[in-house]
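Me: I'd like a close look at one part of this protein, please. Could you walk me through it slowly, with the terms explained as you go?

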Amino acid sequence: LGNRLVTTHWSDNDGTRDCHWLPGEGIIEWPSVAAAFPRPTYAGHTMIEVVPKEEPPRNSPEVFLSRAYARALWLKQLLDN
């Protein structure tokens, strides 16, 4: 189905709610998800759609964005392998 997808957004969760945590902060087994993703036929966009796990956030927006960027690169590496 990769050729039918237009865009994909990624986030993690606690298994009960749509939490939109950074990949790796919840229960999703990312290596399994990456292995099942249709990389050879997917030509769409990929993004993370996330919010801080803690409320209120403990860190500044700049720290959160830096962590989100690092997780996006980590996820890209998983998808590219």
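Which residue in E2 is the bridge partner of Thr-7?

Reply: Happy to help, and a word on the model comes first. This is a predicted model, in which local features need pLDDT of at least 70, side-chain atom pairs count only at pLDDT 80 or more, and totals for chains, interfaces and linings use all residues. Residues are numbered from 1 along each chain as its sequence is written, and side-chain values use heavy atoms, with hydrogens and water left out.

Now to your residue: the partner of Thr-7 in E2 is His-45. Strands E1 and E2 pair in the parallel sense over 4 bridges, where pairing asks that DSSP find at least two bridges between the strands. The names come from DSSP runs numbered from the N terminus: helices are H or I runs of at least four residues, and strands are E runs of at least two.

Around this pair, the protein has 2 helices and 2 strands, in the order β-α-β-α from the N terminus. E1, helix H1 (residues 30-36) and E2 form a right-handed β-α-β unit; right-handed says that, with the strands pointing away from the viewer, the path from the first strand over the helix to the second runs clockwise.

Thr-7 itself sits on the uncovered face of E1 (residues 7-10) together with His-9, while Thr-8 and Trp-10 make up the covered face.

Trp-10 also belongs to a cluster, linked by ring pairs, with Trp-30, Phe-37 and Tyr-42. Rings of Phe, Tyr and Trp (its six-membered ring) pair if their centres lie within 6.5 Å; planes under 30 degrees apart count as stacked, over 60 as edge-to-face and the rest as tilted. The whole structure holds 3 aromatic pairs. In the edge-to-face pair of Phe-37 and Tyr-42, the centres are 5.0 Å apart and the planes meet at 70°. Phe-37 and Tyr-42 are both buried, a word for under 20% relative accessible area, with exposed meaning over 50% and partly exposed in between (1.4 Å probe, protein chains only).

Phe-37 and Tyr-42 also help line the largest pocket, as do Thr-46, Met-47 and Ile-48, among others. A pocket is found on a 1 Å grid over the protein atoms alone, as an open set of points where a 1.4 Å probe fits, with protein on both sides within 12 Å along at least five of seven lines; lining residues have an atom within 4 Å of a point. The largest one holds about 200 Å³ of space, a volume being the space filled by probe spheres set on the points, which are joined across faces, edges and corners. Strand E2 (45-48) and helix H2 (61-80) each supply at least two lining residues, and H2 gives the most, with 5.

The loops on either side of the unit's helix and second strand are worth a glance too. His-20 lies in the loop between E1 and H1; His-20 is buried, at 14% relative accessible area, and its phi is near 60°, a positive value in a residue other than glycine. Most residues other than glycine have a negative phi. Lys-53 lies in the loop between E2 and H2 and is partly exposed at 40%. Its C-alpha atom is 7.9 Å from that of Glu-25, 28 residues away along the chain.
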